[in-house]
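Reader: Please take me through the empty space inside this protein. Start with the enclosed voids, then go on to what surrounds them. Keep it brisk.

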Amino acid sequence: MAKSMSKKILLTSVCRPMGPKYGDAPSVGYELLYRQVTRAQGLFSPRTVNIHFSLEYIAENLDAPTVVLQYPSRRELIRELKKGYDYVGISFLMAVMHKMKETVALIRQYSPQSKIVLGGYGTVLKDEVLKPYADYICREEGVAFFRRLLGEPEISMPYRHPLIVSWLKVFGWKVSGTGKIFAGLGCPNGCDFCCTSHFFSRKHIKLLPEGKDIFAVIERYLDLDPNLVFLILDEDFLLNKKRAMAFRDCVMKSGKSVSIFAFSSVKAISQYKVEEILEMGIDGFWIGYEGARSGYAKQHGRPIADILTEFREHGIAVLASMVIGFDYQDREIVAQELDGLMKLKPALAQFLIYGPVPGTPFYERVIKENLLQDVYTSDRDLFYRRADGFRTMIKHPTLSPEAIEEIQRRCFDEDFQRLGPSIFRVLEARWLGYRKLKNSANPLLRQKAEYYAKELRVAYPVFLAGRLLGPNSVIRRWIGDLERKIHADLSLPTLAERFKSALAVGAALWTGLTLKLDLFQHPRLIRTSYRMPGARWRAFDLWEEIQRKVSIPNLSIRVELQHAKQQVWLRLEGVLSSADAERLGQRVRESLARSKSRLVLDLKKLHWEKVDDLGPLREKLAAYRSRIRLVLPKLSVAHPELLLLASMFHHYKG
């Protein structure tokens with residue numbers, strides 16, 4: 001550790017501003033939904049900023065002092081570089097290679113002593129392309145790479161998992177917070193166009209090897225905020241049935257109602273009953289529809305029409321991804337495939353152009369058969385910039401590049417005009433699921449129905465905006481009919497909800513105006529320091545030593561440094577005697593004295609039936625009560641020690 005602690009690391013995304021207005025490809029920006037899925041839905045598009053999660057994940061699992069920058073401006077990056085770093089890592093995609101070059105130029109100008117590390121899926125490009133911009137290139141799982149680079153000892157999986165929450169907004173209002181769960185990298189399916197599969201040589205790297213590991217991360221998130229929903233980042237989560245069913249067992253044993261969005265394939269989903277999927281907490285899926293005749297192995301299994309229909313009836317919202325530009329497709333065939341997808345009423349739909357990404361079999365075929373458009377053969381930088389799924393890069397047997405791009409635009413437009421805004425399609429699925437599950441004999445499914453009802457009730461205010469501003473008269477009538485059906489099943493809106501409906505119309509109009517004028521479309525810098533000395537956030541070694549050096553029989557001590565919040569979460573599980581409480585309290589007191597860190601003391605899993613006297617712990621920590629928050633269990637009969645602790649310290653509220 002001593003070797004790495006002498007090094008300082010900066011991990012950064014490329015600089016903002018980003019987007020077509022600034023010379024980037026159509027899908028380039030800070031958001032997946034608005035840029036690539038609901039791009040035709042305008043003011044109705046849900047909005048959420050996606051950060052480079054990998055940078056936070058790597059930083060969490062190093063020993064060296066590290067700072068992470070998410071979307072800095074040039075000025076903000078320069079200011080940070082002037083502080084002096086030994087290594088600067090840049091995460092980038094091929095479509096923003098031009099911005100990566102600009103970032104590298106800034107590093108070399110303002111921090112010439114820094115070694116530059118390139119990472120992310122942009123590193124599918126060969127060494128001869130990237131070496132002029134890097135001292136090191138990471139083309140593997142990033143934690144192991146960086147620890148090896150810094151001379152830090154190897155650590156085993158599961159790694160420490162950072163808690164990263166993004167906020168979904170509709171009409172500028174926060175709708176839900178999503179906890180990101182990094183369960184795996186890569187995919188064994190090996191579709192010929194898939195960069196994520198072939199980047200890891202069709203291997204699946206389980207960052208969270210077992211079902212219990214995944215559920216443990218969910219529990220930590222729920223401690224932060226019991227209302228969070230979850231996104232499991234794993235290319236085909238249900239493919240490993242043993243892990244998925246072990247996860248289901250953990251969810252069922254806990255009795256907790258969770259809401260999870262996951263990625264999976266027809267092949268993987270076909271292994272399960274819909275009830276088993278709901279028992280896992282999963283109520284949203286991203287599924288590759290691709291093309292009716294595309295013939296990928298991952299599409300083998302139950303008919304996708306059966307899956308999407310059954311899922312919708314059970315309240316599961318599906319994002320279906322369709323590919324435009326396969327050799328067999330022409331205008332008529334794409335129209336037929338689109339019609340087939342529209343009849344299944346997916347909650348969301350993505351339409352991407354079949355494109356060659358270096359490192360994939362499709363790219364190798366395109367180069368071998370000279371199928372790359374001549375303009376990209378002669379200008380590789382243009383190829384990189386436009387390789388985003390919204391440009392036709394290849395010579396198609398029957399369709400011109402302009403025709404394919406026009407067909408893609410029509411697919412997005414027809415999806416919106418025929419099925420309406422995705423926010424209402426999700427709500428319709430939830431309503432159908434509520435009706436299907438509310439009288440289920442399975443208590444977990446009844447619990448899911450209650451969750452759907454709660455979600456529908458929270459959404460009451462958006463319906464008026466839909467009825468007034470929907471894309472056409474048919475959709476506006478459908479939204480009104482859906483609203484009436486939901487009211488009939490759940491109850492009429494309150495006066496407060498009616499008032500909020502009027503406010504939502506104003507918020508929707510304001511959202512439309514900001515989109516039209518390109519106002520407030522860029523995020524602010526997110527800067528997180530990990531193990532960097534500072535007035536408020538230091539003494540990392542003291543906190544971690546509590547876990548390493550305080551050994552108490554029958555007591556588990558876990559220390560979690562929550563860098564983004566600059567606080568320490570100390571979890572105790574098991575038996576704690578009065579004598580041990582004094583010893584532990586002294587250690588915690590010393591750490592508080594040497595830092596200004598905030599402490600969350602989690603006593604929820606103490607064996608309270610064996611707790612006698614925690615007076616010594618209270619006494620040791622009394623002087624720092626303003627910086628301490630407690631997490632306590634809910635007991636039917638209040639324990640005397642619980643009452644004393646609750647009266648002395650504030651409860652943690654996220």
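Author:
**Enclosed space and its surroundings**

The largest cavity holds about 80 Å³ of space. The model is a predicted one. A search of the whole structure turns up two cavities of 30 Å³ or more.

Take the lining of the largest cavity. Val-251, Lys-256, Ser-257, Val-258, Leu-278, Glu-279, Gly-281, Leu-444, Leu-445, Gln-447 and Lys-448 form it. Helix H12 (274–279) and H20 are the elements that give two or more residues to this lining. H20 gives the most, with four residues. By class, the lining of the largest cavity divides into five nonpolar, three polar and three charged residues.

One lining residue, Leu-445, leads to Ser-440. Ser-440 touches Leu-445 and Arg-446, leaving aside residues up to four places away in sequence. Ser-440 sits in the loop between helix H19 (422–437) and helix H20 (443–458). Its relative accessibility is 15%, so Ser-440 counts as buried. The side chain of Ser-440 reaches the backbone nitrogen of Asn-442 at 3.0 Å.

Now the second largest cavity. Its volume is about 60 Å³. The residues that line it are Leu-308, Arg-312, Ile-316, Ala-317, Val-318, Leu-344, Lys-345, Pro-346, Ala-347, Arg-425 and Ala-429. Helix H13 (304–313), strand S13 (317–324) and H19 each supply at least two residues of this lining. The class split is eight nonpolar, no polar and three charged.

Two residues of that lining, Ile-316 and Val-318, are also contacts of Phe-311. Phe-311 touches Ile-269, Val-274, Ile-277, Phe-285, Ile-287, Ile-316 and Val-318, again not counting residues up to four places away in sequence. Phe-311 belongs to the largest nonpolar core, which has 94 residues. Phe-146, Leu-238, Phe-285, Phe-311 and Phe-351 touch the most other members of that core. H9 contributes the largest share of this core, seven residues. There is a second, separate core of 53 residues, with Cys-15, Ala-25, Leu-130 and Tyr-376 among them.

Next, open space. The second largest pocket has a volume of about 1400 Å³. Its lining counts 48 residues, and Val-49, Val-165, Ser-166, Trp-167 and Ile-526 lie nearest its centre. Seen by class, 22 are nonpolar, 13 polar and 13 charged. Helix H3 (53–60), strand S6 (165–170), strand S7 (173–182), helix H9 (211–224), helix H23 (495–517), S15 and strand S16 (555–562) each supply at least two lining residues. The largest share, five residues, comes from S6.

Several of these pocket elements deserve a look. H3 comes first. Seven of the eight residues of H3 are buried, so the helix is largely enclosed by the rest of the structure. The buried ones are Phe-53, Leu-55, Glu-56, Tyr-57, Ile-58, Ala-59 and Glu-60.

S6 and S7 are joined by a loop that holds Phe-171. Phe-171 has a positive phi of about 55 degrees, although it is not a glycine. Phe-171 counts as buried because its relative accessibility is 4%. On the other side of S6, the loop between helix H7 (142–149) and S6 holds Pro-158. Met-157 and Pro-158 are joined by a cis peptide bond, with omega at about 0 degrees.

S15 links the pocket to another helix. Strand S15 (526–530) is part of what covers the buried residues of H4, together with strand S1 (9–12), strand S2 (66–70), strand S3 (87–91) and helix H5 (97–110). In helix H4 (residues 74–81), the buried residues are Glu-76, Leu-77, Ile-78, Glu-80 and Leu-81. S1 also borders a loop of interest: Pro-17 is in the loop between S1 and helix H2 (33–37). A cis peptide bond joins Arg-16 and Pro-17, with omega about 5 degrees.

S16 brings in one more buried site. Ile-546, in helix H24 (residues 540–549), touches Ile-557, Val-559, Leu-570, Leu-584, Arg-587, Val-588 and Ser-591, not counting residues up to four places away in sequence. Ile-546 has 0% relative accessibility, so it counts as buried.

Methods: Residues numbered from 1 in each chain as written. Predicted model: local features only at pLDDT ≥ 70, side-chain atom pairs only at ≥ 80, totals over all residues. Heavy atoms only, no water. Buried < 20%, exposed > 50% of the residue type's maximum accessible area, 1.4 Å probe, protein only. Contact = heavy atoms within 4.5 Å. Polar contact = N/O pair within 3.5 Å; in protein donor to acceptor, adjacent residues only side chain to side chain. 1 Å grid on protein atoms, 1.4 Å probe; cavity = no way out; pocket = protein on both sides within 12 Å on 5 of 7 lines; lining within 4 Å. Points joined across faces, edges and corners; volume = space filled by probe spheres on them. Nonpolar A, V, L, I, M, F, W, Y, C, P; charged D, E, K, R; others polar. Core = buried A, V, L, I, M, F, W, Y, C linked by side-chain atoms within 4.5 Å.
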